[in-house]
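Thank you for asking me to look over this structure. My comments follow as numbered points, meant for someone meeting it here without earlier acquaintance.

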Amino acid sequence: DVLGDGTVSYDPKTNTLTLNNYTYEGEGFDVDGGYVAIQLDLYENDVTIILKGENVINVTGENTAGIIAFGDYNLNIEGDGSIEINSTMHGIGFQGESGAITINGPEIVINTEGAMTTGIWAPNFVMKAGSLKINSITLGIIVISESSKIDINGGSIEISVSVAGNT
């Protein structure tokens with residue numbers, strides 16, 4: 001139990017972070033001049049986030065992200081819960097050459113506000129099950145290269161992008 005209140009737990013044996021009715025409200029933690037609520041290092045193994053209950057991340061500083069992952073492995077987001085991420089830059093970002101963000105089950109809502117915003121930014125993106133709703137000023141889902149893939153096998157995705165006031 002990371003915070004001592006049952007809302008965040010981490011199992012290092014399985015590289016699993018569980019959020020259980022977790023709420024974060026604040027500027028975030030400084031990561032290379034940007035601010036993030038949750039930072040994950042994927043340099044050695046895949047990481048799984050399990051969502052239980054209703055989780056909320058509100059990152060209020062400038063150049064913010066809800067969740068940022070660094071490395072070349074996979075970030076799997078699973079569970080029967082939900083998460084709402086509100087940030088000024090990225091909802092969920094993944095800085096690496098390979099790997100993927102995979103959503104398999106939960107309900108995810110991402111709201112980004114700022115000049116250059118992205119709902120999800122990753123080397124590859126896979127949607128297996130659950131729902132993803134993105135409200136962004138600039139981009140919904142972006143993969144990093146021409147060889148990257150977006151693979152939608154199930155679930156639902158709704159993206160609303162407003163560039164210069166046009167939706």
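1. A strand, as the word is used in this note, is a DSSP run of E with at least two residues, and strands are numbered from the N terminus. By that definition E78 is found in strand β9, which spans residues 75-79. Please keep in mind throughout that the model is predicted.

2. The surroundings of E78 deserve a moment. Its relative accessibility is 30%, and because buried means under 20% and exposed means over 50%, E78 counts as partly exposed. Leaving aside residues up to four places away in sequence, E78 touches T48, I49, I50, L51, N104 and P106. Of these contacts, I50 can be followed further: E78 and I50 are 28 residues apart along the chain, yet their C-alpha atoms are separated by 4.8 Å.

3. Is N86 buried or exposed? With a relative accessibility of 18%, N86 counts as buried, since the cut-off for that class is under 20%. N86 lies in strand β10, made of residues 82-87, and the side chain of N86 is joined to that of E84 by a polar contact of 3.2 Å. When residues up to four places away in sequence are not counted, N86 touches I57, N58, V59 and N111.

4. Strands β1 (residues 8-11) and β2 (residues 16-20) run antiparallel and are joined by four bridges. Within this pairing, V8 stands opposite L19 in β2. The hairpin that the two strands form has four residues between them, and N15 there takes a positive phi near 55 degrees.

5. Which strands does β8 pair with, and in what sense? On one pairing, β5 and β8 run parallel and are joined by seven bridges, with L40 standing opposite A69 in β8. On another, β8 pairs with β11, again in the parallel sense, over five bridges, and here I67 stands opposite I92 in β11. Eight of the eight residues of β8 are buried, so β8 is largely enclosed by the rest of the structure.

6. The largest pocket holds about 220 Å³ of space. Its lining has 14 residues, and those closest to its centre are V2, V8, L17, A37 and I38. The elements giving two or more residues to this lining are β1, β2 and β5 (34-42), and the largest share, four residues, comes from β5. By class, the lining has 13 nonpolar residues, one charged residue and no polar ones. A reader may like to connect this with point 4, as V8, listed among the residues closest to the pocket centre, is the residue that stands opposite L19.

7. About 180 Å³ of space lies in the second largest pocket. Fifteen residues line this second pocket, and V31, G34, N63, I68 and Q95 lie nearest its centre. Two or more lining residues are given by each of β5, β8 (64-71) and β11 (90-95), with β8 giving the most, four residues. The lining divides into eight nonpolar, six polar and one charged residues. These elements are also those of point 5, where β8 was described as joined to β5 by seven bridges and paired with β11 over five.

Terms used. Residues numbered from 1 in each chain as written. Predicted model: local features only at pLDDT ≥ 70, side-chain atom pairs only at ≥ 80, totals over all residues. Heavy atoms only, no water. Pairing = 2+ DSSP bridges. Buried < 20%, exposed > 50% of the residue type's maximum accessible area, 1.4 Å probe, protein only. Polar contact = N/O pair within 3.5 Å; in protein donor to acceptor, adjacent residues only side chain to side chain. Contact = heavy atoms within 4.5 Å. 1 Å grid on protein atoms, 1.4 Å probe; cavity = no way out; pocket = protein on both sides within 12 Å on 5 of 7 lines; lining within 4 Å. Points joined across faces, edges and corners; volume = space filled by probe spheres on them. Nonpolar A, V, L, I, M, F, W, Y, C, P; charged D, E, K, R; others polar.
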